[in-house]
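Here's a quick tour of a protein model for you to follow on screen. Take a look at the structure below, and then we'll walk through it topic by topic.

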Amino acid sequence: MSIGKIIVVYASGDHRVVDAEPDLLPQLQRLVGGWIEIIKNQNAGTSIPLGDNLRRNLVAAVNEEGLLQDVVRYNGVVSYLLKYPGLIAGDAVLLRAGFTQEGEPDVFPLTDEDASRLDLILQLMWSREVRE
């Protein structure tokens, strides 16, 4: 049984939806190629139709040293989606922020519904970039 989905967004702009593994941290580290840093969503006022809950809680896991390792691999899709004011370099994984049962902040897989919505948005964003 799936515990949820995560979306890997490659620096190339391509993406894929994958099942989250029960032990999420090693999966995230493997997908971004190193230690992770969580980038918070800055686009509370965006017109991108994320839905209120996802808009507030969408985050990306990125390689903590991505700018040192992948300066030439700017991830424009995730930077735009999160309205991040800095540079995001390398591959990123989209997830949602939340709290553990003990009340500690943590990250969690996306629901199937949120993953489907984001998948469609990313498909539309990429197809628009290709045309321009």
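Is tyrosine 74 buried, partly exposed or exposed? With a relative accessible area of 41%, tyrosine 74 counts as partly exposed, because that label covers values between 20% and 50%. Keep in mind that you're looking at a predicted model. Let's zoom out and then work our way back in.

**The big picture**

- The protein has 132 residues, and 40% of them count as buried.
- You can pick out five helices and six strands.
- Follow the sequence from start to end and you get the pattern β-β-α-β-α-β-α-α-β-β-α.
- Take the contacts with a separation of 6 or more: 56% of them join residues 24 or more positions apart.
- About 7,600 Å² of the protein is exposed, with carbon and sulfur atoms supplying 53% of that area.

**How the strands pair up**

- Strand 3 (residues 36–40) runs antiparallel to strand 4, and five bridges hold the pairing.
- In that pairing, look for isoleucine 39, which sits opposite alanine 60 of strand 4.
- Strand 4 also pairs with strand 5, again in the antiparallel sense and with five bridges.
- Here valine 59 faces leucine 95 of strand 5.
- Strand 5 (residues 92–99) has an antiparallel link to strand 6 (residues 105–108) too, this time through four bridges.
- Across that link, phenylalanine 99 stands opposite proline 105 in strand 6.
- Strands 5 and 6 make a hairpin with five residues between them, where glycine 103 takes a positive phi near 90°.

**What's tucked inside**

- Why call strand 4 largely enclosed by the rest of the structure? Six of its six residues are buried, so the rest of the structure largely encloses it.
- The largest nonpolar core contains 20 residues, and Leu58, Val78, Leu81, Leu94, Leu118 and Leu122 have the most contacts inside it.
- Strand 1 (5–9), strand 4 (58–63), helix 4, strand 5 and helix 5 (112–131) each give two or more residues to this core.
- Helix 5 makes the largest contribution to this core, with five residues.
- There's also a second, separate core of 13 residues, and among its members are Ile6, Val18, Leu31 and Ala61.
- Leucine 94 is a good residue to click on: leaving out residues up to four places away in sequence, its contacts include Ile6, Val9, Leu58, Val78, Leu110 and Leu122.

**Out at the surface**

- Back to tyrosine 74: you'll find it in the loop between helix 3 (66–69) and helix 4 (76–82).
- Together with Leu67 and Leu87, Tyr74 forms a nonpolar patch on the surface, and the three have about 310 Å² of accessible area together.

**One backbone angle to check**

- Most residues other than glycine have a negative phi.
- Lysine 83 isn't a glycine, but it has a positive phi of about 55°.
- To find lysine 83, go to the loop between helix 4 and strand 5.
- Lysine 83 has a relative accessible area of 33%, so it counts as partly exposed.

Terms used:
Residues numbered from 1 in each chain as written. Predicted model: local features only at pLDDT ≥ 70, side-chain atom pairs only at ≥ 80, totals over all residues. Heavy atoms only, no water. Patch = residues over 30% accessible without salt bridge, like charges linked within 9 Å, V, L, I, M, F, W, Y side chains within 5 Å. Areas by Shrake-Rupley, 256 points an atom, 1.4 Å probe, with all protein chains shown as cover. Salt bridge = Lys/Arg side-chain N within 4 Å of Asp/Glu carboxyl O. Buried < 20%, exposed > 50% of the residue type's maximum accessible area, 1.4 Å probe, protein only. Contact = heavy atoms within 4.5 Å. Pairing = 2+ DSSP bridges. Core = buried A, V, L, I, M, F, W, Y, C linked by side-chain atoms within 4.5 Å.
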